[in-house]
Amino acid sequence: MIWTLLFACVGADDVSDKGDDTAAEVVSAPEPPTPPAYSGGECPEIVDGSNTGFLSAGQERSFYVRLPENPEGAPVIFAWHWLGGTATQIMQYMHLGDWADQGAIVVAPDSCCGTFEWSFTASDDPAVDLTFYDDLLSCVNQQFSPDLSRVYTTGMSAGGQGLFERVRQAALA
């Protein structure tokens with residue numbers, strides 16, 4: 001099994017003693033940004049397991065969530081499936097429930113539409129899936145208060161291509 005899990009690391013405060021009268025500099029990690037507001041108005045309840053009828057970018061979307069015993073302050077992992085796959089399949093194939101058992105909130109979105117399924121793989125507007133990500137993170141944040149400095153994403157095949165596209169889009173913004 002080959003898969004990639006990208007992690008963003010936030011270091012601890014760094015205090016160095018220079019051995020002279022120079023004051024030690026304390027470097028702190030920046031505060032994580034607050035996710036954009038949910039585009040669908042009021043967030044629907046997110047349940048452990050399959051979630052359907054989630055309105056995002058004017059479309060009804062579905063996704064799968066595995067919650068840890070205590071989701072407050074937990075990291076969040078997004079997992080993007082391959083073309084022709086489903087959220088449930090990537091959860092099973094990558095054993096992502098194990099991360100929830102270790103205390104992470106795991107969110108696996110389902111693709112929605114078209115021959116290519118993920119909008120970033122075609123000439124379609126990639127904002128549809130980027131908005132879906134923003135909406136999911138916004139509602140997960142509102143309902144569970146996770147640690148937004150620990151939001152990670154992984155994907156397989158076209159889902160992995162989406163990781164690159166998300167980074168590229170953010171760099172161009």
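These are my notebook entries on a few features I looked up in this structure, which is a predicted model.

**Entry 1: the disulfide**

I started with the cysteines. How many disulfides does a search of the whole structure find? It finds one. The partners are Cys 43 and Cys 139, with the sulfurs 2.1 Å apart. A note to myself on the chemistry: a disulfide is a covalent bond between the sulfur atoms of two cysteines.

Next I checked where the two ends sit. Cys 43 is in the loop between β3 (26-27) and β4 (49-56), while Cys 139 belongs to helix α3 (residues 127-144). They are 96 residues apart, so I wrote this down as a link between distant parts of the chain. Buried or exposed? Both Cys 43 and Cys 139 are buried.

I also looked up the twist of the bond. The torsion about the S-S bond of Cys 43 and Cys 139 is about -85 degrees, so I logged the disulfide as left-handed.

**Entry 2: salt bridges**

Then I went through the charged side chains. The count of salt bridges comes to two.

One of them pairs Asp 101 with Arg 66, at 2.9 Å from N to O. Asp 101 is in helix α2 (residues 97-101) and Arg 66 is in strand β5 (residues 59-66), so this contact ties together parts that are 35 residues apart in sequence. How open are the two ends? Asp 101 has a relative accessible area of 55%, so I put it down as exposed, the cut-off being over 50%. Arg 66 is partly exposed, with a relative accessibility of 22%.

The salt bridge between Arg 150 and Asp 147 also has an N to O distance of 2.9 Å. I looked up the accessibility here too. Arg 150 is partly exposed at 31% relative accessible area. Asp 147 is also partly exposed, at 23% relative accessibility.

**Entry 3: strand β8**

Last, I turned to strand β8, which covers residues 151-155. Why did I note this strand as largely enclosed by the rest of the structure? Four of its five residues are buried, so that description follows.

I wanted to know which strand pairs with β8, and I found β6 (residues 76-80). Five bridges join β6 and β8, and the two run parallel. To get my bearings in the pairing I picked out one position: Ile 77 stands opposite Tyr 152 in β8.

**Where to look again**

For a second visit I would start from these spots: the Cys 43 to Cys 139 disulfide, the salt bridge of Asp 101 and Arg 66, and the parallel pairing of β6 with β8.

Terms used
Residues numbered from 1 in each chain as written. Predicted model: local features only at pLDDT ≥ 70, side-chain atom pairs only at ≥ 80, totals over all residues. Heavy atoms only, no water. Buried < 20%, exposed > 50% of the residue type's maximum accessible area, 1.4 Å probe, protein only. Pairing = 2+ DSSP bridges. Salt bridge = Lys/Arg side-chain N within 4 Å of Asp/Glu carboxyl O. Disulfide = S-S within 2.5 Å.
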